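Here are my notes on the model you sent round. I've kept them as numbered points so you can follow along with the structure open.

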Amino acid sequence: VQTVSRGRFTPIVEVMGQVVPAREVMLASRVGGQVIEQADAFTPGSRVDDVQQLLRIEPADYQTALQQRRSDLQQARADLELEQGQQAVARQEYELLGEEIEAGSDALVLRKPQLQQARARVAAAEAAVRQAELDLARTKVRAPFAAQVLSRDVTLGSQVSAGQTLGRLVGTGQYWVQ
């Protein structure tokens, strides 16, 4: 019989098996283009930090697309303001007439469908700007977690397409014994 006592004890567990990483990822590009920058750490066997930039894809096309989408948004907003002005004019003309219009026709007379179209174009243009910003941000390929590079499938000057595998990373934070 042994008396129980409080203390700090480190258990030793002897096991046999294969050590495998808890996290593994095939790093893929979300946009296409030419690789113009590559981090020195993006070589097989190297360790990379969490969210470290590994590659950079040529951003010029995506910057241009973003400018175009912003211009489309400005145009859609201007069209909305014009439509709101036309709706105000239509309302004034309707009130000057002083006549009653059928319940189904008042929306057409007051240009409500046109106003809804203009608002929808603004919403679509805003979404297109957000998408263009996302695509531009995706030209910087980062490590999703602290990892070790197992393989690299592209290098400086490589032409990549969306979804193409760039390399293979394994997490360094946790391992399992199988």
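**Notes on the fold**

1. Let's start with burial: of the 178 residues in the protein chain, 25% are buried. Keep in mind that this is a predicted model. The chain exposes about 12400 Å², and 48% of that comes from carbon and sulfur atoms.

2. On to the overall layout. The protein chain has 3 helices and 10 strands. The radius of gyration is 30 Å, whereas the globule rule gives 16 Å for 178 residues, so the chain is more spread out than a compact globule. The C-alpha trace spans about 100 × 60 × 25 Å along its principal axes. In sequence order, the elements read β-β-β-β-β-α-α-α-β-β-β-β-β.

3. A word on contacts and charge. Take the contacts between residues at least 6 apart in sequence: 78% of them join residues at least 24 apart. As for charge, the chain carries 20 positive and 22 negative side chains, with the centres of the two sets 10 Å apart.

4. Now the sheets. One of them is an open sheet of 4 strands, ordered E6-E5-E3-E8 with antiparallel pairing. Its edges are strand E6 (140–142) and strand E8 (159–160); each has a single partner strand, so one side of each is left without a neighbour in the sheet. As a reminder, strands of a sheet pair through backbone hydrogen bonds, either parallel or antiparallel.

5. If you want to check the register in that sheet, begin at strand E5 (residues 53–57), which pairs with E6 in the antiparallel sense over 3 bridges. Two positions to click on are arginine 56, opposite lysine 140 in E6, and glutamine 53, opposite arginine 142 in E6. E5 also pairs with strand E3 (residues 33–38), again antiparallel and over 3 bridges. Which residue of E5 is the bridge partner of glutamate 37? That's arginine 56, the residue that stands opposite lysine 140 in E6.

6. There is also an open sheet of 4 strands in the order E2-E9-E7-E4, with antiparallel pairing. Strand E2 (24–28) and strand E4 (47–48) are the edge strands here, each pairing on one side only.

7. Strand E9 deserves a closer look. How many of its 7 residues are buried? The count is 5, so to speak "mostly covered" is a fair description of E9. E9 (residues 165–171) pairs with strand E7 (residues 147–152) in the antiparallel sense over 5 bridges. Between those two, arginine 152 stands opposite glycine 167, and alanine 147 stands opposite glycine 171. E2 and E9 run antiparallel too and are joined by 5 bridges; methionine 26 faces arginine 168 of E9 there.

8. Threonine 139 is found in the loop between helix H3 (112–137) and E6. Is threonine 139 buried or exposed? Its relative accessible area is 2%, and buried means under 20%, so threonine 139 counts as buried. Leaving out neighbours within four places in sequence, threonine 139 is in contact with Val31, Leu55, Arg56, Ile57, Glu58, Pro59 and Tyr62. Arg56 in that list is the bridge partner of glutamate 37.

9. For contrast, try glutamine 84, which sits in helix H1 (residues 60–97). With a relative accessible area of 37%, glutamine 84 is partly exposed, because that class lies between the 20% and 50% cut-offs. Not counting residues up to four places away in sequence, glutamine 84 touches Leu115 and Arg119. The C-alpha atoms of glutamine 84 and lysine 112 are separated by 9.5 Å, with the two positions 28 residues apart along the chain.

10. Last one, a backbone detail. Valine 51 is found in the loop between E4 and E5. What is notable about the phi of valine 51? The angle is near 55°, a positive value in a residue other than glycine. Most residues other than glycine have a negative phi.

Notes:
Residues are numbered from 1 along each chain as its sequence is written. This is a predicted model: local features need pLDDT of at least 70, side-chain atom pairs count only at pLDDT 80 or more; totals for chains, interfaces and linings use all residues. Side-chain values use heavy atoms; hydrogens and water are left out. Two strands pair if DSSP finds at least two bridges between them. The radius of gyration is taken over C-alpha atoms; the globule rule is 2.2 Å times the number of residues to the power 0.38. Buried means under 20% relative accessible area, exposed over 50%, partly exposed in between (1.4 Å probe, protein chains only). Contact means heavy atoms within 4.5 Å. Accessible areas come from the Shrake-Rupley method with a 1.4 Å probe; for residues, only the protein chains shown count as cover. Lys and Arg count as positive and Asp and Glu as negative; His and the chain ends are not counted. The place of a charge is taken as NZ of Lys, CZ of Arg, CG of Asp or CD of Glu.
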